[in-house]
Amino acid sequence: MSENTGASYAAAGVDIEAGDRAVELMKEWVKKATRPEVVGGLGGFAGLFDASALKRYERPLLASATDGVGTKVDIARRMGVYDTIGHDLVGMVVDDLVVCGAEPLFMTDYICVGKVFPDRVAAIVKGIAEGCVLAGCALVGGETAEHPGLLGEDEFDVAGAGTGVVEADRLLGADRIRKGDVVIAMASSGLHSNGYSLVRHVLFDRAGWALDREVPEFGRTLGEELLEPTRIYSLDCLALTRTTEVHGFSHVTGGGLASNLARVVPDHLHVTVDRSTWTPGAVFTTVGELGGVERLELEKTLNMGVGMVAVVPEGSVDAALTTLADRGLDAWVAGEVVERGGHAEAVELTGAYAG
């Protein structure tokens, strides 16, 4: 009898058994990222969340967001470090939810790989689960897809989607912003997960730096600096809404501080942000100097040291700063809201950075 040489899924490059092993390895981490409202466990076709928990709301509004981490995955791949990129994914999703005042409830993830290495996939999920714990939400499910022929064996990408809830009469946004409000900036942990195409071009292609290069200004290697996880602000922002009056938040991601803050500024108002109130971290100035990148271009691409902004009435400033300080988060007054007048742009950065 001749040997069967017909086509198979495995011959096409998809290893179902490896995928099953990855699921077994990740289960212990997913169990840690839960909430009382989660029904069932990992392994079903869909994650279940008990919506009866929303009965305590008068008029619950569900908020939804989805995102990825961009080309930061290339840094993780090149360094062989896979258990932090999930923090970035969670931060990018849940901190979009909290901008409207929503409490993040649950997330799902999607991991696409060229080849399933079970330990590697489990490490990615570990990071996502840890990020969910930091955000106070549950990881209720996900998908790992193997795409041989489209991705190299070591290549991967991650994406996620999240759902949150906010009471309708506590919804935050541009309609709450008032003349005289104060802008409070919250420090970023570094680059977060935006602008890595520019950063990689400058540091790798133009400067020729290696990931294991020790950079005195960073106090660590280049790779360690670039892989610093995105700070997750959701619980900090929710704490602010409980302890003082907040009119709006802005999550500083792609496009930089000015363009993201402009999304919560009504047409008749203008926000001035004073650069002299903070000093951007060394990674921002390094990218600018090595690449000859103009300040405006840096500010349109990177967060420049501010990852989240709260807009509060003047009378709430002290309470807001105290709350954030008590939570170990560096925050400061960075600007104010005034009448639009003759200003063409919603947000203007003025002055020069300190330091």
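# A tour of the predicted model

Start by selecting the open sheet of six strands, whose order is E10-E12-E7-E13-E11-E14 and whose pairing is mixed. Colour its two edges next: strand E10 (248–251) and strand E14 (347–350) each have a single partner strand, so one side of each is left without a neighbour in the sheet. Looking across this sheet, neighbouring strands are turned by 25° against each other on average, direction ignored. Keep in mind throughout that this is a predicted model.

Now narrow the selection to strand E7 (residues 182–187) and strand E13 (residues 331–339). They pair in the antiparallel sense, over five bridges. To find one facing pair of residues, show Met 186, which stands opposite Ala 331 in E13. Then add helix H7 (residues 234–243), which packs on the sheet and touches E7, E10 and strand E12 (306–312). The direction of H7 makes about 170° with that of E10.

**The second largest pocket**

Keep H7 on display and add strand E6 (156–167). E6 and H7 are the elements that give two or more residues to the lining of the second largest pocket. This pocket has a volume of about 360 Å³ and a lining of 18 residues. To centre the view on the pocket, select Gly 101, Val 166, Arg 170, Leu 238 and Thr 241, which lie nearest its centre. Colouring the lining of the second largest pocket by residue class gives seven nonpolar, four polar and seven charged residues.

**The second sheet**

E6 also belongs to an open sheet of four strands, in the order E3-E6-E4-E5 and with mixed pairing. Its edge strands are strand E3 (60–68) and strand E5 (138–146), each of which pairs on one side only. From one strand to the next, the twist averages 15°.

Select strand E4 (residues 103–113) together with E5. These two run parallel and are joined by eight bridges. Tyr 110 is a residue to label here, as it stands opposite Glu 143 in E5.

**The cavity**

How many cavities of 30 Å³ or more are there? The count comes to one. The largest cavity has a volume of about 40 Å³. To see what encloses this cavity, select Val 113, Gly 114, Lys 115, Phe 117, Arg 120, Val 121, Glu 153, Asp 154, Glu 155 and Phe 156, which line it. By class, the lining of the largest cavity divides into four nonpolar residues, one polar and five charged.

**Helix H5 and the loop before it**

Move to helix H5 (residues 196–206) and show the side chains of Tyr 196, Leu 198, Val 199, Val 202, Leu 203 and Phe 204, which are buried. What do the buried residues of H5 pack against? Add helix H2 (72–79), helix H6 (222–226), helix H9 (282–291) and helix H10 (295–301): these are the helices they pack against. After H5 comes Gly 208, with a positive phi near 70°.

Finish with Asn 194, in the loop between E7 and H5. Is Asn 194 buried or exposed? Its relative accessible area is 15%, and Asn 194 is buried because buried means under 20% relative accessible area. To see its surroundings, show Met 92, Thr 253, Gly 254, Thr 301 and Leu 302, with which Asn 194 is in contact when its neighbours within four places in sequence are left aside.

Methods. Residues numbered from 1 in each chain as written. Predicted model: local features only at pLDDT ≥ 70, side-chain atom pairs only at ≥ 80, totals over all residues. Heavy atoms only, no water. 1 Å grid on protein atoms, 1.4 Å probe; cavity = no way out; pocket = protein on both sides within 12 Å on 5 of 7 lines; lining within 4 Å. Points joined across faces, edges and corners; volume = space filled by probe spheres on them. Nonpolar A, V, L, I, M, F, W, Y, C, P; charged D, E, K, R; others polar. Pairing = 2+ DSSP bridges. Axes fitted to C-alpha atoms, helices over the stretch in contact; angles between N-to-C directions. Contact = heavy atoms within 4.5 Å. Buried < 20%, exposed > 50% of the residue type's maximum accessible area, 1.4 Å probe, protein only.
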